[in-house]
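Reader: I am new to this one. Please show it to me, then let me ask about it.

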There are 2 protein chains.
Amino acid sequence: MLIVDNIGELVTMEGPRAPRRGSLQGMVTVIKNAFLAAKDGKVIAVGPRAELPRFLDALQQSAEQDQRQDAEKSQEETTVLDAGGRAVVPGFVDAHTHLVFAGWRYQEYVMRCQGATYQEILRAGGGILETVRQTRQATEEALFQRALSFLDEMLSLGTTSVEIKSGYGLDTENELKQLRVIRRLKAEHCLDVVPTFLPAHAIPHEYSKDREGYIQEIIGTMLPLVRREGLARFLDVFCDEGAFTSKEARRILVRGKELGYELKLHADELRNTQGAELGAALGAVSVDHLCMISQEGVRALRESDTVAVLLPATSCFMGKDHGKLGRKLVDAGIPVALGTDFNPGTSPTTSMPLCMTLACSMSGLTPAEALVAATWNAAWAIGLGGRVGGLQPGMQADALILDASSYVEVPYRFGANLVWKVLKKGKVVFQANKGRMVNRSES
Amino acid sequence: MLIVDNIGELVTMEGPRAPRRGSLQGMVTVIKNAFLAAKDGKVIAVGPRAELPRFLDALQQSAEQDQRQDAEKSQEETTVLDAGGRAVVPGFVDAHTHLVFAGWRYQEYVMRCQGATYQEILRAGGGILETVRQTRQATEEALFQRALSFLDEMLSLGTTSVEIKSGYGLDTENELKQLRVIRRLKAEHCLDVVPTFLPAHAIPHEYSKDREGYIQEIIGTMLPLVRREGLARFLDVFCDEGAFTSKEARRILVRGKELGYELKLHADELRNTQGAELGAALGAVSVDHLCMISQEGVRALRESDTVAVLLPATSCFMGKDHGKLGRKLVDAGIPVALGTDFNPGTSPTTSMPLCMTLACSMSGLTPAEALVAATWNAAWAIGLGGRVGGLQPGMQADALILDASSYVEVPYRFGANLVWKVLKKGKVVFQANKGRMVNRSES
């Protein structure tokens with residue numbers, strides 16, 4: 001058992017524990033001067049420090065009873081970790097990433113900063129298909145090792161659960177390769193990993209003159225195969241101008257749903273193509289991006305159980321201000337979650353704290369809403385709702401001890417990493433280190 | 001002597017070595033597969049690796065000559081540091097900070113995210129005067145220790161020179177206290193610290209009904225006293241709506257110039273008050289912020305030697321998109337520099353890499369221009385031009401070895417810290433550490 005004692009501010013979160021229309025929004029609930037106890041990977045108690053002796057007494061009694069029944073059970077040690085008055089929050093849940101890829105695309109960033117249009121970048125060999133080219137060439141082992149280092153980077157920034165999409169293979173062999181890498185990450189890294197199949201991310205060049213051929217391959221071959229191999233829980237489609245039309249997206253998603261996938265959708269990012277409406281109509285678990293969502297889209301989401309996943313780092317990195325989009329959706333009663341959208345083209349960041357700052361400063365959320373969006377609601381957006389994203393008894397003990405006195409400092413300290421320790425399933429899996437400094441002038 | 005060998009990409013920078021109208025812009029110059037040699041705190045040689053043996057031979061010969069003349073001189077050891085193919089760039093120069101302060105102001109951030117106006121925040125006791133209240137209460141030692149930890153944070157993010165302003169004292173006693181802290185930071189931390197006196201940051205509450213009285217105190221008492229004590233090189237005024245008028249700013253700056261201060265100006269941040277024109281007319285070394293600069297302001301700067309300091313983290317944190325301001329100024333031929341504006345109200349970030357990303361993504365600079373703005377031009381903006389901000393022979397050996405193959409990755413890897421080692425005056429003063437991970441699942 002692990003007891004984290006002397007917590008200055010413990011954020012436990014509250015909210016419905018099953019999907020319920022119009023009420024999926026978590027809420028920040030705070031216990032000041034608190035403790036948290038975790039056992040067998042789960043939170044077993046939270047409360048004010050004053051209650052800790054009583055909790056320990058009860059535990060002792062129960063242990064004595066257990067001892068009579070089972071001598072081994074009582075031998076588990078209790079470790080007490082002094083949080084030193086720091087704030088503790090649930091581990092961050094990154095609801096949208098494209099984390100398995102080869103290469104970077106920084107030359108494309110240079111071109112874009114120089115004013116190149118999307119079309120010019122495509123003509124110069126840039127864009128998604130450039131990453132597809134490099135990812136196809138990469139070995140499964142190389143992709144795995146690189147992705148592992150990205151997960152480590154995320155862990156050091158406080159992410160304890162992450163959704164990862166395929167979509168840089170765009171043929172059966174290479175989509176399977178990406179999905180196997182995701183499966184191996186899930187097995188070998190301590191983070192919770194949720195796999196999403198995204199074959200309709202772009203039309204691969206070999207089908208550039210035969211869209212229908214590629215869609216047929218997705219529907220006829222890839223969807224059933226990936227399902228059979230149990231490689232993905234979610235199916236996602238990039239429904240937008242320059243990607244897949246609403247009609248194409250619907251065909252793919254409907255077939256996927258029949259096969260047992262849960263659905264996600266890249267919707268209304270570059271243009272409004274009624275993606276939000278489509279996602280809501282098909283019962284998608286989430287619709288993501290939504291920069292160009294219409295009033296009809298907002299209404300459709302409000303009438304659904306679908307979570308809106310916002311990706312503010314992408315807007316900022318692409319130099320776009322989408323106004324107070326988060327405010328608009330939250331005010332409409334729509335559950336909002338956050339993700340990094342980590343990918344080499346439009347969002348090369350692994351940082352959920354950065355996304356929280358941007359969600360507040362640019363997208364109009366309050367710090368409390370941003371934390372809910374980065375934890376409780378994000379868990380619901382990737383099918384882990386009620387299990388992670390909060391620190392109520394019975395939930396997984398995924399927690400961050402912050403070098404801060406309040407969770408508000410996370411979005412406030414723009415660009416800083418306040419993570420001191422990360423607990424995953426009740427165990428310390430990361431401990432920050434500021435590096436070695438020889439920073440004083442010689443006298 | 002220190003030799004950094006096996007540098008994949010060495011950015012040395014080029015540009016005029018003395019202020020010259022309309023041509024103060026540095027330029028990124030790159031040597032691939034390079035070495036850098038530093039001695040007595042300065043760069044003594046840079047070049048392609050192929051030239052390293054010849055350089056060492058020449059050095060050896062010169063050492064032998066020296067030995068005949070001076071036995072001790074030759075005993076200095078030569079250390080070789082293998083950069084492993086990494087990129088090396090000049091240390092970052094943060095041209096604008098308010099780093100010495102007590103407390104945070106995150107409750108104010110919550111209010112602003114909830115839609116509170118500037119006036120509402122002021123009425124609730126927020127804004128600059130809240131930090132003044134806390135800073136006046138703090139001891140000099142407490143302010144020093146906290147500021148020291150901020151400098152450490154900056155160092156770990158690659159900043160090797162920094163300008164620091166007073167302005168949270170707003171009376172003689174407390175402005176002097178802040179300036180003494182800055183002097184001690186300069187003496188005791190390895191960073192180069194440039195002190196700026198900012199008594200006209202706000203009207204303190206005791207003068208709220210007597211603006212003229214405070215201005216008289218600045219001009220009559222504070223300016224000569226601080227000058228006499230040699231506590232500040234620069235004088236700065238916050239010239240804006242809600243702060244000081246152009247007329248007031250002019251009076252203070254003119255008197256300061258007579259007393260021997262070099263000038264800076266917070267100009268045209270919230271409203272256009274012809275701050276850029278005023279700064280240019282008075283020969284200010286820099287004018288800072290400029291979000292609302294007019295065409296006349298752009299023309300005035302183009303005809304001056306004044307550097308434009310942009311603070312894109314402030315715009316972003318305040319939820320404002322000021323369009324491609326950086327692009328506009330660079331295209332007009334104005335030297336642009338960057339700063340964090342680190343302060344507890346409008347920019348709680350210490351990260352120059354973050355500012356570079358925002359300068360590219362939001363403000364329209366290219367990665368090369370952003371690097372110049374964060375090094376060569378920023379050095380000129382704080383009076384260190386030609387000495388730091390580049391890695392040409394004769395300049396201070398302040399360099400960053402990056403976990404990256406190109407400097408372009410610094411703005412591209414949004415929110416990441418790519419600093420591997422920091423060299424200050426030719427010595428390694430920081431070595432990154434990723435923290436302790438127990439990140440693999442138990443099998």
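Author: Short questions and answers follow, on the interface, salt bridges and cavities. This is a predicted model, where local features need pLDDT of at least 70, side-chain atom pairs count only at pLDDT 80 or more, and totals for chains, interfaces and linings use all residues. Residues are numbered from 1 along each chain as its sequence is written, chains are lettered from A and ligands numbered from 1 in the order in which they are written, and side-chain values use heavy atoms, with hydrogens and water left out.

Reader: How many residues of chain B are in contact with chain A?

Author: Contact means heavy atoms within 4.5 Å. On chain A, 63 residues take part. On chain B, the number is 63.

Reader: Which three residues supply the most buried area on the chain B side?

Author: Buried area is the accessible area (1.4 Å probe) that two parts lose on being put together, summed over both. The two chains bury about 5,200 Å², with 58% of it on carbon and sulfur atoms. Of the area that chain B buries, 16% comes from three residues: B:Tyr106, B:Tyr412 and B:Phe414.

Reader: Which residue of chain B meets A:Arg440 in a salt bridge?

Author: A salt bridge puts a side-chain nitrogen of Lys or Arg within 4 Å of a carboxyl oxygen of Asp or Glu. The rule finds four across the interface of chain B and chain A. In one, N and O are 3.2 Å apart, and the partner of A:Arg440 is B:Asp152.

Reader: How many salt bridges are there over all chains?

Author: One of them joins A:Arg211 and A:Glu248, with the closest N and O atoms 2.7 Å apart. These residues are 37 apart in the chain. The search of the whole structure gives a total of 50.

Reader: How much space lies in the largest cavity?

Author: On a 1 Å grid over the protein atoms alone, a cavity is a set of points where a 1.4 Å probe fits but cannot get out; lining residues have an atom within 4 Å of a point. Grid points are joined across faces, edges and corners, and a volume is the space filled by probe spheres set on the points. The search finds four cavities of 30 Å³ or more. The largest holds about 150 Å³.

Reader: Which residues lie nearest its centre?

Author: The lining has 15 residues. The nearest are B:Pro312, B:Ser315, B:His322, B:Leu325 and B:Ser363.

Technical notes
On a 1 Å grid over the protein atoms alone, a cavity is a set of points where a 1.4 Å probe fits but cannot get out, and a pocket is an open set with protein on both sides within 12 Å along at least five of seven lines; lining residues have an atom within 4 Å of a point. Helices (H or I, at least four residues) and strands (E, at least two) are DSSP runs, numbered from the N terminus.
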